[in-house]
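Hi,

Here is the structure I promised to pass on. Have a look at it first, and my notes follow below.

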Amino acid sequence: MKALIASGTGRYGDPWHPYTRTSPLLAEIARDAGFSVEVHEDVDRAMTRLADVDLLIVNAGDPWRSEESGRAPEAAVEGLSEALRRGVGVLAMHAALASLRDYPEWAPAIGAMWLPGVSWHPPIGHSVVRGLTMPDGGRVADVPIEDEQYLRLQAIGRSTTVAEHEVDGDRFPAVWVREVGSARVAVDALGHDERSYAAPEHRALVASLARWAARAPSA
C-alpha cells in the first residue's frame, strides 16, 4: 500500500513546528507499518498526486497565517475531493487541524479545526494521554508523552474519540476517527516535534491509525 506525506514548507510551514524533522519520523513509522512512502514538500502539488495513494498523511501548518500569499490551485482542490470520493485513507497530524484552509472538503473530513483566538494549548510538557477504544473494539494503550495538548477545537460533525487529554479535570479529544463517505479519516492532535515520536506508545498508535484509515490488515 502507498502512503503520501504532505509536509509543511512554504506557506504551509511555520516557525513552531519542525516538519522537516517530523515528516521523516512519520515516514519511518508508515514504512514499518507496511506502506511504501513518498514525502512531498509541496503540499498543494501533493493533492494532485493522489490517484494511486492509499493513505494521505498531512503534516503541515496554517497557510492563512503565512507571510507568503497564494491560494490552492483548483486542480489541487479537486484532487483532494476526488481522493476522498474514492475512499482514500487520511491521517491528519497535529497542526493539520489548522491546515488546508483553502480546501472546502478538508474541515468536514477531519471533523474539527483550530480556531485562532479560541483554540489553545498549555505549554508543551509531559502528560499521559488516556487510550479508549477503536471502532473495531481494539483497546488503545495509554500514551505517556512530551507534547502539546490542543484544547477548544471547533468540532464539525461527530467523531469517535479513541484517546483523550485531561486538563484541570476536564477531558478533551486527543485522537479520533471517523468515516466520511467512502473515506476513513484518523486525526492525531499529537505530534508537535520529535519528542512526541520518541514515545513508543505514540509510534504504535500512529501505525495503527494509518492501517485503520487505509483499511490495511492489522500488524
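The side chain of Asp147 has a polar atom 2.8 Å from the backbone nitrogen of Gly191, which fits the polar contact cut-off (a pair of N or O atoms within 3.5 Å; within protein, one must be able to donate a hydrogen and the other to accept it, and residues adjacent in sequence count only if both atoms are side-chain atoms). Bear in mind that this is a predicted model, where local features need pLDDT of at least 70 and side-chain atom pairs count only at pLDDT 80 or more, while totals for chains, interfaces and linings use all residues. Residues are numbered from 1 along each chain as its sequence is written, and side-chain values use heavy atoms, with hydrogens and water left out.

Asp147 sits in strand 7 (residues 143–147); strands (E, at least two residues) and helices (H or I, at least four) are DSSP runs numbered from the N terminus. What else does Asp147 touch, not counting residues up to four places away in sequence? Besides Gly191, the list has His94, Ile124, Gly125, Leu190, His192 and Ser196, with contact meaning heavy atoms within 4.5 Å.

Now the strands. Strand 3 (residues 55–59) has five of its five residues buried (under 20% relative accessible area, 1.4 Å probe, protein chains only). Leu55, Ile57 and Asn59 point one way, Leu56 and Val58 the other. That fits the general pattern: in a regular strand the side chains alternate between the two faces of the sheet.

Strand 3 pairs in the parallel sense with strand 1 (residues 2–7) over five bridges, and with strand 4 (residues 89–93), also parallel, over four; pairing takes at least two DSSP bridges between two strands. On the strand 1 side, Ala3 is opposite Leu55 and Ile5 is opposite Ile57. On the strand 4 side, Leu56 faces Val90. Strand 3, helix 3 (residues 74–86) and strand 4 form a right-handed β-α-β unit (with the strands pointing away from the viewer, the path from the first strand over the helix to the second runs clockwise).

Strand 1 has five of its six residues buried, and five bridges join it in parallel to strand 2 (residues 36–40). The chain gets from strand 1 to strand 2 through helix 1, in another β-α-β crossover that is right-handed.

Finally, Leu26 in helix 1 (residues 19–32). Leu26 counts as buried because its relative accessibility is 1%. Leaving aside neighbours within four places in sequence, its contacts include Ile5, Ile57 and Tyr197. Leu26 and Tyr197 are 171 residues apart in sequence but 8.3 Å apart in space, C-alpha to C-alpha.

Cheers

Terms used. Buried < 20%, exposed > 50% of the residue type's maximum accessible area, 1.4 Å probe, protein only.
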